[in-house]
Amino acid sequence: MGTLKTAIDAVLKQLIIVVMGVLLLDVIWQVATRFVLNNPSSFTDELARYLLVWLSLLAGAYALGQRLHLSIDLFANRFSRKTELWLDNLVQLLMFIFSFSVLIIGGSRLVWITLYLDQTSAALKVPLGYVYTVVPLSGLIMCFYCLFFMVQNVRDIRKGTSHIDKQNPGDIIT
Amino acid sequence: MKALLSLFPVYLLLVISGCSGASNPTIKLGHALDTSHPVHKSMVYMSELVEQRSNGELKIEIYPSQQLGTERELVELLQIGSVGITKVASTTLENFAPSYQVFGIPFIFRDDEHRFNVLEGAIGQQVLEDGEDYWFRGLCYYDAGSRSFYTKEKPVMTPDDLDGLKIRVMESRSAMEMVSTLGGSPTPLAWGELYTALQQGVVDGAENNAPSFYLSRHYEVSKYYTINQHTAVPDVLIISTHIWNSLSEEHKQILQQAALESAEYQKTLWAEASAEALAAVKEAGVEVIYPDKTPFQEKVAPIYQKYENDPVIGDLMKQILELE
């Protein structure tokens with residue numbers, strides 16, 4: 001499971017870099033066509049919007065895998081290591097439920113409906129269903145990360161160790 | 001483990017509350033307009049009629065001002081069944097049901113009388129029903145007047161004046177095509193960003209009907225309003241087919257009738273609002289120009305040639321042009 005996580009991390013990271021790069025070029029092109037060429041491009045605005053959707057959902061999943069999301073650890077820090085790990089399991093479970101029911105189930109339904117009803121975007125004319133596939137995709141990745149952390153927590157509880165750094169919860173002790 | 005088990009009721013609750021919407025006899029109506037807008041007032045009128053005639057059995061709850069989402073989001077919510085009724089510009093519907101493209105063709109209507117004959121006749125009804133394949137059914141059309149150009153620095157007298165001007169358009173293929181055929185550079189931009197864009201010179205002008213020009217206060221930053229009336233895209237009131245099919249025959253009739261009556265009522269409100277808006281912008285120092293429409297009409301001829309053999313709207317276009 002650990003190697004699978006490393007692989008997903010690496011692929012996701014590359015993907016986010018590419019999306020961010022394309023987004024940057026797209027916005028530069030938009031400004032250039034508007035003010036330099038004086039003939040605004042019609043698709044850049046829409047492309048930027050959909051790239052931002054992809055970027056935020058994928059990077060959100062990535063940040064979950066790196067434990068980079070904001071969290072209030074005021075109470076968690078005061079508990080014993082074991083309780084802290086159980087508490088983290090609860091948090092992971094809640095995130096799992098959300099990702100599974102809202103992102104995977106709800107997202108798949110959204111993709112299916114928009115593809116079935118043939119909805120297309122205004123400027124690029126791409127089926128919106130393809131744009132929305134990122135919702136179940138990111139949900140799937142988030143679910144995997146949550147499961148991964150839960151398994152790791154249980155292992156740590158058994159062994160009496162912890163992979164969560166007390167001083168700096170964003171860092172994972174490897 | 002106890003902590004995990006104790007979560008189950010919470011999860012169940014989430015699932016149950018997510019499902020209960022469908023059997024609710026109250027229909028949710030969401031739209032993007034302000035409560036002072038004639039269309040909102042007509043919807044209130046409609047909901048009163050519906051409640052009165054169904055003896056309170058059927059109720060419509062109105063959520064104005066984008067509370068439930070923007071026009072496009074509202075249509076998506078409506079297809080899922082989360083929102084029952086919404087009002088959208090027919091341009092928004094182009095991306096959902098292709099027949100609506102026909103109303104976006106410039107100068108497709110000869111005058112207001114022709115327009116109402118089309119919309120209230122068989123052609124309008126056919127387009128409303130075409131939406132059913134895409135899970136929404138049209139109830140009626142609301143008058144949205146006709147759209148004209150307004151510019152910041154240079155008055156537009158003929159299509160040649162549009163040359164090189166950046167004109168903000170809606171997110172719609174037909175609107176972009178219309179502006180580029182007339183010689184301008186179409187710039188798709190969100191309506192909410194337009195005031196600043198005009199002020200800072202991101203765009204040189206935009207196009208809309210008089211009440212929108214006035215209510216958005218864009219007249220403060222654009223001093224010329226050219227009434228060339230290039231398009232007259234109607235607003236459409238649509239209902240989700242999930243909700244529509246769950247209504248009894250009697251309720252369907254009550255709702256349909258109330259919608260049509262509210263459309264009649266809206267026409268008079270709209271005419272008043274247009275006249276008021278035009279007077280107000282003139283007072284604010286905007287130069288209102290009434291140009292000769294013929295050169296504009298001649299310039300968009302290629303759009304007609306392009307749609308002539310279109311499988312979806314070619315026939316519709318011909319029917320509209322042939323109608324008296």
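Two strands are said to pair if DSSP finds at least two bridges between them. In this predicted model, such pairing places Gly138(B) opposite Ile238(B), a residue of strand E10(B). The points below take up the sheet of chain B, its nonpolar core, one of its helices, the contact between the two chains and a selection of salt bridges.

**The sheet of chain B**

- Five strands of chain B form an open sheet in the order E2-E1-E3-E10-E4, and the pairing within this sheet is mixed.
- Strands E2 (59–63) and E4 of chain B stand at the edges with a single partner strand each, so one side of each is left without a neighbour in the sheet; on average, and with direction ignored, neighbouring strands of this sheet are turned by 25 degrees against each other.
- Strand E4(B), which spans residues 136–142, runs antiparallel to strand E10(B), residues 235–240, and 6 bridges join the two.
- Although E4(B) is an edge strand, 7 of its 7 residues are buried.
- Strand E1(B), residues 26–30, pairs with strand E3(B), residues 85–89, in the parallel sense over 2 bridges, and Gly30(B) stands opposite Thr86(B) of E3(B).
- Helix H7(B), residues 122–130, lies across E4 and E10 of chain B and runs at about 145 degrees to E4(B).

**The nonpolar core**

- The largest nonpolar core has 45 residues, and those with the most contacts inside it are Tyr100(B), Phe103(B), Ile105(B) and Phe136(B); helix H8(B), residues 173–182, gives the most to this core, with 5 residues.
- When neighbours within four places in sequence are left aside, the residues in contact with Tyr100(B) include Leu93(B), Val127(B), Leu128(B), Phe136(B) and Val236(B), and also Ser90(B) and Glu94(B).
- In soluble globular proteins, nonpolar side chains tend to be buried together.

**Helix H4 of chain B**

- Helix H4(B), residues 71–80, is mostly covered, with 7 of its 10 residues buried, among them Glu71(B), Arg72(B), Leu74(B) and Val75(B).
- Gly81(B), which follows H4(B), has a positive phi, near 105 degrees.

**The contact between the chains**

- Chain B contributes 25 residues to the contact and chain A contributes 29 residues.
- The area buried between chain B and chain A is about 2,500 Å², and carbon and sulfur atoms give 60% of that area.
- The count of salt bridges between chain B and chain A is 0, whereas a search of the whole structure finds 16 over all chains.

**Selected salt bridges**

- Lys5(A) forms a salt bridge with Asp9(A), with the closest N and O atoms 3.2 Å apart, and both residues lie in helix H1(A), residues 2–36, at a separation of 4 residues or about one turn of the helix.
- Lys5(A) is buried, because its relative accessible area is 9% and buried means under 20%; Asp9(A) likewise counts as buried at 13%.
- Arg53(B) forms a salt bridge with Glu261(B), with the closest N and O atoms 2.8 Å apart, and this pair links distant parts of the chain, since Arg53(B) lies in helix H3(B) and Glu261(B) in helix H12(B), 208 residues apart.
- Both partners of that pair are partly exposed, Arg53(B) at 34% relative accessibility and Glu261(B) at 25%.
- Lys267(B) forms a salt bridge with Glu264(B), with the closest N and O atoms 3.4 Å apart; the two are 3 residues apart in helix H12(B) and therefore separated by about one helical turn.
- Through salt bridges that share partners, Glu71(B), Lys87(B) and Asp235(B) are joined into one network.

Notes. Residues are numbered from 1 along each chain as its sequence is written. Chains are lettered from A and ligands numbered from 1 in the order in which they are written. This is a predicted model: local features need pLDDT of at least 70, side-chain atom pairs count only at pLDDT 80 or more; totals for chains, interfaces and linings use all residues. Side-chain values use heavy atoms; hydrogens and water are left out. Buried means under 20% relative accessible area, exposed over 50%, partly exposed in between (1.4 Å probe, protein chains only). Axes are lines fitted to C-alpha atoms, for helices over the stretch in contact, and angles run from 0 to 180 degrees between N-to-C directions. Contact means heavy atoms within 4.5 Å. A nonpolar core is a set of buried Ala, Val, Leu, Ile, Met, Phe, Trp, Tyr and Cys residues joined through side-chain atoms within 4.5 Å. Buried area is the accessible area (1.4 Å probe) that two parts lose on being put together, summed over both. A salt bridge is a side-chain nitrogen of Lys or Arg within 4 Å of a carboxyl oxygen of Asp or Glu.
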